Structure formats: structure tokens, C-alpha cells
Amino acid sequence: EDAVLSTAGEDDTATSCLQQPAGEDQEQDRRTCDRAKITMSGSELLSHITKEEKELTHLRPSLYIGVSVYLSTDGPKLLQSGADLIWGKPPPRTDKFLRNQLVTTLLEKRGKSVLICDLS
């Protein structure tokens with residue numbers, strides 16, 4: 001559940017970096033970027049992102065999905081940090097049921113009416 005957030009350097013070169021390799025052990029070396037290194041867990045990163053989103057009131061809320069190999073351990077932390085949904089690895093199969101769940105969750109988060117018709 002490791003991730004790295006880095007910001008642009010003094011020369012305004014875009015060096016932003018978010019890394020959370022899928023399927024690797026938690027014991028992995030922490031990944032780094034060239035400048036302004038901040039190392040945090042995936043749930044800490046999610047908490048940071050959701051806090052930033054709330055402060056930027058002109059943005060429509062995004063859908064955040066926490067993914068972990070250790071869902072029983074990491075799931076509660078991810079939900080507490082702002083994940084709207086949590087998935088184990090590998091993620092669920094993409095089908096119309098998953099699509100409907102994603103759309104419903106996003107619309108509810110944005111305060112919209114939810115009505116999904118299956119036309120297939």
C-alpha cells in the first residue's frame with residue numbers, strides 16, 4: 001500500500017509522480033521521484049487527495065476506489081481515508097453489473113438522481 005507523491009521543482013518542470021505498483025509485496029522498496037519526496041501509504045495518499053478535493057469546491061467529486069491484496073487489513077483504512085469502493089486484487093471483472101455499481105456510486109456521491117436502465 002505504498003505510494004509516493006512528489007511535486008514540481010523550482011524550475012517548474014513537471015515532476016509530479018504517483019506510484020503504487022499493483023501486485024507487488026508491501027515489503028517492497030519505497031519508490032521515489034527526483035524532487036520533493038513525500039512517502040506515504042496508499043490510504044494516507046487517498047486521505048490527502050480527498051482533503052484536497054474538498055478544498056477545491058469548483059471540482060465535481062471523483063470516485064475513489066481502494067485496491068489491496070490485503071483487503072481484510074487495508075479495507076477499513078481505505079474506507080476511512082475516503083475510498084468510495086474497495087476491491088481486492090485482482091480487481092473484479094468488468095461487466096454491466098460493475099458498470100452500474102460504479103455509475104450509481106458516482107451519481108450518489110454527486111447528489112444526482114440514480115436511474116439505470118439496461119438496454120442491452
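**Notes on the salt bridges, helix 1 and a cis proline**

1. D74 and K77 sit three residues apart, about one turn of the helix, and both belong to helix 2 (residues 71-81). Keep in mind while reading on that this is a predicted model. The two side chains meet in a salt bridge, with 3.4 Å from N to O. The partners have unlike surroundings: D74 counts as buried because its relative accessible area is 2%, under the 20% cut-off. K77, with a relative accessible area of 36%, is partly exposed.

2. How many salt bridges does the structure hold? The count is two. Besides the D74 pair, the side chains of D84 and K109 meet at 2.9 Å, N to O. This pair ties together distant parts of the chain, 25 residues apart: D84 is in the loop between helix 2 and strand 5 (85-88), while K109 belongs to helix 3 (residues 96-109). Is D84 buried or partly exposed? A relative accessible area of 24% makes D84 partly exposed, and K109, at 28%, is partly exposed as well.

3. Now for a charged residue that goes without a salt bridge. E53 is part of helix 1. It is buried but has no salt bridge, and the nearest side chain of opposite charge, that of K109, is 4.1 Å away. The cut-off for a salt bridge is 4 Å, so the E53 and K109 pair is not counted as one. K109 does have a salt-bridge partner, namely D84.

4. What does E53 touch, then? Leaving aside residues up to four places away in sequence, its contacts are R60, P61, S62, Y64 and K109. With Y64 there is also a polar contact between the side chains, at 3.0 Å. If you look at E53 in the viewer, put Y64 and K109 on display with it, as both are among the residues that E53 touches.

5. Helix 1 as a whole runs over residues 42-55, which is 14 residues. From first C-alpha to last it reaches 20 Å, close to the 20 Å expected at 1.5 Å a residue. Its buried residues are G42, S43, L45, L46, T50 and E53. Why do these six belong to one side of helix 1? They cover an arc of only 155 degrees around the axis, and that puts them on the same side. Turned away from this buried side is a face that carries the exposed residues K51 and E55.

6. S43 deserves a line of its own. This helix 1 residue is buried, with a relative accessible area of 8%. Its side chain makes a polar contact with the side chain of S41, at 3.2 Å.

7. Check the backbone at P90, in the loop between strand 5 and helix 3. The peptide bond leading from K89 to P90 is cis, and its omega is near 0 degrees. For context, most peptide bonds are trans.

8. Last, V67, which lies in strand 4 (residues 65-68). V67 counts as partly exposed because its relative accessibility is 26%. How far is its C-alpha from that of P91? The two C-alpha atoms are separated by 7.4 Å, although V67 and P91 are 24 residues apart along the chain.

Note on methods:
Residues are numbered from 1 along each chain as its sequence is written. This is a predicted model: local features need pLDDT of at least 70, side-chain atom pairs count only at pLDDT 80 or more; totals for chains, interfaces and linings use all residues. Side-chain values use heavy atoms; hydrogens and water are left out. Helices (H or I, at least four residues) and strands (E, at least two) are DSSP runs, numbered from the N terminus. The expected span of a helix is 1.5 Å times one less than its number of residues. Buried means under 20% relative accessible area, exposed over 50%, partly exposed in between (1.4 Å probe, protein chains only). The arc is that of the directions from the helix axis to the C-beta atoms. Lys and Arg count as positive and Asp and Glu as negative; His and the chain ends are not counted. A polar contact is a pair of N or O atoms within 3.5 Å; within protein, one must be able to donate a hydrogen and the other to accept it, and residues adjacent in sequence count only if both atoms are side-chain atoms. Contact means heavy atoms within 4.5 Å.
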